[in-house]
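Me: I would like to go through the ligand site of this model. Could we begin once the structure is displayed?

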Amino acid sequence: MAITKIQNIAVMTSGGDAPGMNAAIRAVVRAATYYKKDVFGIFRGYQGLIEGDIERFTARRVSNIINRGGTILKTARSAEFRTPEGRKKAYENLKKFDIDALVVIGGDGSFRGMKIFAEEFDLPVIGIPATIDNDINGTDFSIGFDTASNTAMEAIDKIRDTASSHNRLFFIEVMGRNAGFLALYSGIAGGAEDILIPEEDRGINELLNSLMRSKRSGKTSSIVVVAEGDKTGKNVFELAKYVEKHLKEYEARVVVIGHIQRGGCPTTLDRVLASRFGVRAIEALLDGQTRKVVGFKNNRIVLYDLDIAIKKQKPVNQELIDIIEILTT
Ligand code: ADP
């Protein structure tokens, strides 16, 4: 490892919360301590940094958090950080604590803020992708996605029990304003009849056709998973009404899973991913790296350019889309 002058490293969580963020904080704090660096927790993301909400963390400060959802550092959105004045205040607070490097655990918005901040003040920064939407480009998986897709799948499983008892059609809305990963994974795992995602925009007629096909093939109940950002399913209640009107044989119901998808104990995969990301982020900083994001690609932990994470939309895996029709035959 190259020798850098970095001694004091700060970590924050920012933007939307995701299960596994605590495991990442723990890994960052423990790795920094292991390499004999001092580490600071910044509370409430960029807003907390602007307000000087900073605490020196020891390795023991992060005991008993690996299993907890949410984030002990809290998270926030900060309009003030979008202004040069806000970022100047934030930098002055870093200097007060002699902090010379920053790890940001968050989504693409947080990474955008991190890039501008790093450029303005020439501060070494590394991002750790955490979002239940899994929409950060350059990494196959982000912290929180596995837990959230398992939570959504369990909800779908429970709804399936009542759907099959009553011969009903259920529309289940899962989170995902711009990305369909959560819908695709939970939908395939939950045996959904159809999955509507923002990346595809297949339109109402194709949905009606697929539901008619499934009725003809002898199915008596069906589950359609809808990502909240899908155009056809933008208003899932209207969609259900429309389908009921056009397919009289169906009695439709709607379930919006909502915020339970964000909470809960992180899964093994999320805890291990977060632990690996946290250690790699610290090692990257100590190796003299900056403006990079840690990622998981082809079963390996990688380090890649921040611009890849924020400049391009992450494409959905076409193979997942292709198998839906085959699996619902
Ligand atoms: P996420 O990280 O989950 O995508 P947001 O998009 O809400 O969440 O971003 C989190 C925070 O990052 C914002 O509240 C803001 O403080 C900061 N941020 C996002 N984009 C920018 C930007 N272009 N310039 C400065 N700060 C930004």
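Me: Which helices each supply at least two residues of the lining of the largest pocket?
Reply: Helices α4 and α10 (306-311) each do so. Helices here are DSSP runs (H or I, at least four residues), numbered from the N terminus. A pocket is an open set of points on a 1 Å grid over the protein atoms alone, where a 1.4 Å probe fits, with protein on both sides within 12 Å along at least five of seven lines; lining residues have an atom within 4 Å of a point. This is a predicted model, in which local features need pLDDT of at least 70, side-chain atom pairs count only at pLDDT 80 or more, and totals for chains, interfaces and linings use all residues. Residues are numbered from 1 along each chain as its sequence is written, and side-chain values use heavy atoms, without hydrogens and water.

Me: Which helix gives the largest share of that lining?
Reply: Helix α4 does, with six residues. Helix α4 (residues 108-121) also gives the most to the shell around the ligand, again six residues.

Me: And which residues come nearest to the ligand?
Reply: Of the 16 residues around the ligand (a heavy atom within 4 Å), Arg77, Ser78, Gly107, Gly109 and Ser110 come nearest.

Me: What are the polar distances for Arg77 and Ser110?
Reply: In polar contacts (N or O atoms within 3.5 Å), a side-chain atom of Arg77 lies 2.4 Å from a ligand oxygen, and a side-chain N or O atom of Ser110 lies 2.5 Å from a ligand oxygen.

Conventions: A polar contact is a pair of N or O atoms within 3.5 Å; within protein, one must be able to donate a hydrogen and the other to accept it, and residues adjacent in sequence count only if both atoms are side-chain atoms.
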